[in-house]
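Please open the model in your viewer and keep the selection panel at hand. The stops below go from one selection to the next, each with a note on what to look for.

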Amino acid sequence: MTAVLEVRDLKVRFATPDGEVSAVNGVSFDVNEGECVGIVGESGSGKSQLFMSVMGLLAKNGRTLGSAKYRGTELVGMPVKDLNKIRGDKIAMIFQDSMTGLTPHLRIGKQMTEVLVQHKGMGEAAAVKRALEMLNLVRIPEAARRLAQYPHELSGGMRQRIMIAMALLCEPELLIADEPTTALDVTVQAQILDLMADLKRVTKAAIVLITHDLGTVAGLCDKVQVMYGGRFMETGSVQEIFYQPAHPYTAGLLASMPRLTEGRREKLYAIPGQPPNLQRLPKACPFQERCDYVHERCVDELPLLRDVTPGHAKACHLLSLANPVSDPKAPSLKVATEARSA
Amino acid sequence: MSKELLRVEGLKVHFPIRTGGILIGQYTPLKAVDGVSFTLNEGETLGIVGESGCGKSTLGRAVLQLIKPTDGKVVFMGSELTGVGAEVIRQKRADMQIVFQDPLASLNPRMTVGDIIGEPLTVFFPKMKAEERKAKVRALMAKVGLLPQMINRYPHEFSGGQCQRIGIARAMILNPKLVICDEPVSALDVSIQAQIVNLLMDLQKEFGLSLLFISHDLSVVRHVSHRVMVLYLGKVMEIAERDAIYEAPLHPYTQALISAVPVPDPDIEKNKQRIVLGGDLPSPMKPPSGCVFRTRCPKASDICAKEVPVLEEKMPGHRVACHHWGIPDAAAVPTVGHH
Ligand SMILES: Nc1ncnc2c1ncn2[C@@H]1O[C@H](COP(=O)(O)OP(=O)(O)OP(=O)(O)O)[C@@H](O)[C@H]1O
Ligand SMILES: Nc1ncnc2c1ncn2[C@@H]1O[C@H](COP(=O)(O)OP(=O)(O)OP(=O)(O)O)[C@@H](O)[C@H]1O
Ligand code: SF4
Ligand code: SF4
Ligand SMILES: [Mg+2]
Ligand SMILES: [Mg+2]
């Protein structure tokens, strides 16, 4: 398999007046051709910023450490003018916030055709034709008239589909989709997911799907990476993550899911406790303050990702969830004692 | 049940869209909301679902008079909101709040999070001491899963889901009677989503809070709603008790909607049969004659093109707008495999 994206020990830091925020804390993974990788995890755990840093789009107070290679070429530290040749053409991103991805004072048509004119050297008429085709594919009614409208005149879901259409226009080799279907109803969502599945199958594009919608992950992804506190807690195939979660956080996440088959219940299960403070993350396991199985080692040693079975890995000291005793053979990093946060 | 809090009658919002040339200046109305009526009781949650672009957000804004309705009536706590002056509406704002669909875009980028969440207090309780206000903001931040230490940060320094929770905290700080939640949990992981949903339900129990809950997530809607309203192209297709909508939907559109819900189970999801809605997407500017759903309806017949189906009570508490309403006939529904 050919890796389209190779990320090694990537870290993202933000400078703020009251200290440094450690948003991403050393993650490594590959995304291969024709493969869809799902990124799930806690809100605020660094999913978006991980890929904003890959795209070179961090806010001014942010910086990236480590490496991210697109087909062997290092992206971290690449000059903007080189990055611009790759962005929007070879690598496209669907932004989580549709207002960030679209320019408010530009008509939809202009925004869409610009990409084609710039990257593909298309003429105006051909670009408009292609943009219209794309809008029809993402099922936007009255497509021709929409080209003349401004983003605020569209519904939330239409804006999201415009962004999807823009990202697909150039047939990217790597598509990073950050919560692409949050504003879409289930029927349109199904069609969008089919479009992405086609992209992956027909053009062998690699897809990264960041989402909270575990149903979508179940339908489209081959691999899943579960994030918490800027680190991967567990990685594996969709089946492994859904049916044999090995990390206490993954298990808690799956238990919090409301199911369609259930009616109005008194209370939904939620993982107790507060999210970690990224300005003062525990040096050892980031989940320690909320974990039912926390023990001595969790506060002293950072658990490293290790295989449970080939291809399925977790970062946790436990032997297994079925037999939750500390596993002395689990690889870990000793952290300085003064860093103990308990 | 308990007392009526909100009554909406024949509400319409039509946006004028330029269709003629620049000189002719011809406008055609885009009927975003087209004659919607419903009531909401104290302590009740009405779920609102329907296709993207069917008018849910516009409806929510029009109820709060953030958009001026073209026609129809909104009665809140016994007094009419439509056609009254801005000052009267402003007074009512303390009791009716909204959580906007676009979290980041709805927050003022130049204000700190503490000021954003505390703003309603500043407006309605100008004499409140800054310390007291901050304490209230901090307490609410913790309840929605935001670290109170972040109180001095700016919106762009937060993640999508964190911004969404800032919007929720802001809407809740005055303990309003009515909150319109427009996709309030779409950017949250399921655990925080559960925490927020539990919070809303606690507030409802404690203070009799009423909610209009707009969401594409039908599992969440099922969990939080007492009743559910299904919209299509600005019109109500079906409205009923929650269980009736999910277990015995009578409208073909609702039936398709329920069958398309993704299940968080890879084996089921990758092999699932769904009702796929084919057909032409109707234009909100040239809605189909008769039933607006007919271009995509598997049950459509001649009468559907001629007569607008009226929203009528077909079973106790269950209103449907369809000429051929009923439990789906398996043979009439084309099912198409997923991948
Ligand atoms: N410019 C910034 N300055 C300081 N902190 C930031 C900045 N941008 C993001 N953060 C913080 O970095 C963390 C990671 O943010 P990110 O947007 O990657 O989260 P996420 O996993 O995508 O969450 P969500 O699911 O809510 O979108 C968050 O806790 C956020 O508060
Ligand atoms: N300011 C505006 N000017 C013109 N048309 C508008 C305006 N605001 C909304 N519309 C149109 O009204 C219709 C309904 O939009 P609305 O935002 O209410 O949909 P929605 O049901 O909330 O959709 P979504 O689920 O995608 O958020 C759409 O066709 C939209 O393009
Ligand atoms: S390492 Fe310890 S605290 Fe962390 S998830 Fe495993 S058992 Fe829980
Ligand atoms: S009235 Fe006719 S077209 Fe409309 S939903 Fe009913 S059967 Fe379908
Ligand atoms: Mg995000
Ligand atoms: Mg909307």
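Which residue forms a salt bridge with A:Lys267? Select B:Asp202 together with A:Lys267, bearing in mind that this is a predicted model, and you will find that B:Asp202 is the partner, with the closest N and O atoms 2.8 Å apart. The count of salt bridges between chain A and chain B is three, whereas a search of the whole structure, over all chains, finds 34.

Next, widen the selection to the whole interface, where 74 residues of chain A are in contact with 77 residues of chain B. The area buried between the two chains is about 5800 Å², and carbon and sulfur atoms give 54% of that area. Across this interface there are also 14 residue pairs in polar contact, counting pairs in which both residues have pLDDT 80 or more.

Now colour the side of chain A that touches chain B by element; the helices that give two or more residues to this side include H7 (156-169), H9 (214-220) and H11 (248-255) of chain A. The largest share comes from H8(A), which gives eight residues. By residue type, this side of chain A divides into 28 nonpolar, 26 polar and 20 charged residues.

Move on to chain B and select helix H3 (residues 113-124) with helix H4 (residues 130-143), which pack at an angle of about 120° with their axes 9 Å apart. The crossing of H3(B) and H4(B) is right-handed. To see where they meet, show the side of H3(B) that includes B:Val113, B:Ile117 and B:Leu121, and the side of H4(B) that includes B:Arg133, B:Val137 and B:Met141. The residues of this contact divide into five nonpolar, three polar and two charged.

For the last stop, return to chain A and select A:Asp82 and A:Lys85, whose side chains meet in a salt bridge at 3.9 Å, N to O. Both belong to helix H2 (residues 80-86) of chain A, and because they are three residues apart there, about one helical turn separates them.

How values were computed: Residues are numbered from 1 along each chain as its sequence is written. Chains are lettered from A and ligands numbered from 1 in the order in which they are written. This is a predicted model: local features need pLDDT of at least 70, side-chain atom pairs count only at pLDDT 80 or more; totals for chains, interfaces and linings use all residues. Side-chain values use heavy atoms; hydrogens and water are left out. Contact means heavy atoms within 4.5 Å. Buried area is the accessible area (1.4 Å probe) that two parts lose on being put together, summed over both. A salt bridge is a side-chain nitrogen of Lys or Arg within 4 Å of a carboxyl oxygen of Asp or Glu. A polar contact is a pair of N or O atoms within 3.5 Å; within protein, one must be able to donate a hydrogen and the other to accept it, and residues adjacent in sequence count only if both atoms are side-chain atoms. Helices (H or I, at least four residues) and strands (E, at least two) are DSSP runs, numbered from the N terminus. Ala, Val, Leu, Ile, Met, Phe, Trp, Tyr, Cys and Pro count as nonpolar, Asp, Glu, Lys and Arg as charged, and the others, Gly among them, as polar. Axes are lines fitted to C-alpha atoms, for helices over the stretch in contact, and angles run from 0 to 180 degrees between N-to-C directions. A crossing is left-handed if the near helix is turned anticlockwise from the far one by less than a right angle, and right-handed if clockwise.
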